[in-house]
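Q: Got a minute to walk me through this one? I'd like to start with what's tucked away inside.

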Amino acid sequence: MGILELVLLGGGDKKEEEAEMEGDLAASSPIPNLSSVASLVIRRCSRILLLSVEQLQQSFEDELPDHSNQPTSYARNLVEYCAHKALRVETQRPDHLADKGFSLLTFDMMLAWEAPDTETEFLLDENGFSNCPEVDNDDEGSLFYASVTRLASQIDGKKTVGLEAFARIVSACALVADPITVHNLFDALTSSSGGRLHFLIYDKYLKRLYKVLKSMKHIYGRPQSFNFCLADGEIILEVDAKSILQHTRISTRPGRLTLTSHALYFEASGIGTSKYDLSKDLKQVVNCELTGPWGARFFDNAIICKSDSVVEPIVFEFSGHSHRDYWFAIIQEVLRANKFIRKYKLKRFQRAESLSKAALGIFRSRAVKEAFHGMPSHFKSILPFNLAEKLPKGDKILEALYNHLELMRIRFQNHDGLVTASYEKQLTGPLSDSLYTLTRMGFLLLKKEDNPEENGVLVGNIHVGETSPLQLAIRESVRYSGRVEEARATLYQVKVEDIDTNLAAIKDLLFPLFEIGKLLHLLAAWEDPFKSRVFLFLILYILYRGWVRYILPCFFLSAAVYMFWHKHHSGGKPIQVFQVTPPPNRNPVELLLMLQEGVSQLQTNVRTGTISLLKLRALLLAAFPKTTQKVAIAMVIVAVGFTLVPFGHILTLVLLEVYTRKMPVRRESSEKLVRRIKEWWNRVPAAPIQMARPEEHNSSR
């Protein structure tokens, strides 16, 4: 009988059995320099694998000679090797998450990974072991910590594990964590414990995850309870019949919303089922939406779905903001998983593996949401495809995932279960085997003859102390996301909420450009003829020498020198706070009048633009032949001019025309020319326009 089973047993013979185990452990210590918790974990792994500790150690040294020759990391690599081998066997059981021994075993593995040898064992001893006869659990049962074997899992609330140990151990269990999101899952579980994971939190998460999987398996096993048929390889991921409303242009209906790996189904009460396909390329768009009574947009609790498969947008209203956010996230996850499949043209095994990763991510997200009443967002999402979409350089994560699937496909197609050395070397890092795990749970994403469990393909492997290209891409992306988060944090310091404040900030930030614009306007107005003539001669000289092409490079070079100068002299000090002149305070009536004035001005500008387009349409279609003839002749002359005259000369003429328009010698003639052009434009009639019904409008096209 194993150590963990004995810990969970009650009864009067418990102390005698534990004393016997302690004697066996003291009498047999085949591996020197290991910490006590590492020795216990390796002993437990040897019993799971039906091997002696010596045989397990020899297997490690034979399979991984490079790691066995590293004295500094020998103990940690040995612990990780034994843990992965044992977990490969333990996770074969469909109900392993419900087993208290599994949570104790994996937590011990994490503790052993953090303190594998005698030199690092003081990390465990700092907090000490306190006997805690009973610790209440809000889910079920109690935990008993009276064992004299001092198992690392017998904690008094202080024994915790860190991120790296959590990531290296649980990434080998596809149900528990995904390599892409394992760091965010750890952050979600340790959000209230200072970045260290307690056993009770970890155990609560596993229990809730098992309940979610059991619930979804029960629903998936009853297809007759739905008004739609699932396609081959389609599984149900989430069902919600609580306060879901579907809004269309003409109706609002309550019903049940079901998300599968292929589509989104809404079963309206007593009417029928509508389907929103997520697997095909139909230009789907899913966004958050505001809803309210009589078409008002008051409440941020809805999702709007658009695609080529629906005539008009579909709006799903939920009971609250958090309820909507959860459904929006999981719908986006399925949509992006299918987009990833289409982008890389994945088939059979690769397609099913990608959907399996998305499905397990949704189950984990629901477990975290229900167990801890919260849901990570943005860069902290525990949905793999959503995270890859949001993280900077997330495309590299998807590319590395595709390469990883390609290598797994090669191994999947090898019916002997062997892989060449070149491929084996590339398959480093923990393999999640999401498809294989879901298949064992009863969720079928492949046909029975394609089931990896049926054809004997090796779906897992042991990789210790190594980092795969996928993990490297994740680390790089996470590192960049930290910089993005720091940049986003600076935005909260900028308190610009209303329009007046934003306009005042823009005005002060662009003050130098405004001043340059005013100076150019004064020169072009010829209010100071001497300065205007000097500037005119300067422009002509630049055009004559052909220095126009150097203006833009000089601008960029000056800006670069300016930035380098500030970088050199700032010495890493924070920049000074930019002072903005606050706008004048206005009462509500003044704000309403200003808004009305702005809307009126916008309406006037839009109307002017519409009239101009109608006049151009009349000229192009020769609705008025004489006017059209004059315009056409003028355009022919302009075309000939652009063909025969060099572009530099034309640019010079245009600049001279614009700059000297208000010159004292030309002012009167320029005003007359502008007046005549306006009068001619006002004489041009607009093309007729008429409002038509949508059907008539589409038929006319």
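A: Sure. In helix 9, the buried residues are A165, F166, A167, R168, I169 and V170. Buried means under 20% relative accessible area, exposed is over 50%, and partly exposed is in between, with a 1.4 Å probe and protein chains only.

Q: So how enclosed is helix 9, and which residues does it span?

A: Helix 9 covers residues 163–170, and 6 of its 8 residues are buried, so it is largely enclosed by the rest of the structure. Helices here are DSSP runs of H or I with at least four residues, strands are E runs of at least two, and both are numbered from the N terminus.

Q: Before I go on, what am I looking at, and how are residues numbered?

A: It's a predicted model, where local features need pLDDT of at least 70 and side-chain atom pairs count only at pLDDT 80 or more, while totals for chains, interfaces and linings use all residues. Residues are numbered from 1 along each chain as its sequence is written, and side-chain values use heavy atoms, with hydrogens and water left out.

Q: OK, sheets. What order do the 7 strands come in?

A: The order is 8-7-6-5-11-10-9, in an open sheet with antiparallel pairing. Two strands pair if DSSP finds at least two bridges between them.

Q: Which strands stand at the edges?

A: Strand 8 (272–277) and strand 9 (285–291), each with a single partner strand, so one side of each has no neighbour in the sheet.

Q: What about strand 5, what does it pair with?

A: Strand 5 (residues 236–247) pairs with strand 6 (residues 252–260) over 8 bridges, antiparallel. The two make a hairpin with 4 residues between them, and L245 sits opposite P254 in strand 6. Strand 5 also pairs with strand 11 (residues 314–317), again antiparallel, over 3 bridges. There, V315 in strand 11 is the bridge partner of H247.

Q: Which helix lies across strand 5 and strand 6?

A: Helix 13 (residues 348–372), running at about 65 degrees to strand 5. Angles run from 0 to 180 degrees between N-to-C directions, and axes are lines fitted to C-alpha atoms, for helices over the stretch in contact.

Q: Switching to helix packing: how do helix 21 and helix 25 sit against each other?

A: Helix 21 (residues 529–545) and helix 25 (residues 647–659) pack at about 175 degrees, axes 11 Å apart. They're therefore roughly antiparallel, a label for angles over 145 degrees (under 35 is roughly parallel, 65 to 115 roughly perpendicular, the rest oblique).

Q: Which residues meet there?

A: From helix 21, S532, F535, L536, I539, L540 and L543; from helix 25, T652, L655, L656 and Y659. Contact means heavy atoms within 4.5 Å.

Q: And salt bridges, how many?

A: The count is 23, taking a side-chain nitrogen of Lys or Arg within 4 Å of a carboxyl oxygen of Asp or Glu. One of them joins K100 and D203 at 2.8 Å, N to O. K100 is in helix 7 (residues 100–114) and D203 in helix 11 (residues 199–220), 103 residues apart.

Q: Is that pair buried or exposed?

A: K100 is buried at 17% relative accessible area, and D203 is buried at 2%.

Q: Where do R256 and E267 lie?

A: R256 is in strand 6 and E267 in strand 7 (residues 263–268), so their pair ties together parts 11 residues apart in sequence. Their side chains meet in a salt bridge at 2.8 Å, N to O. R256 is partly exposed at 22%, whereas E267 is buried at 5%.
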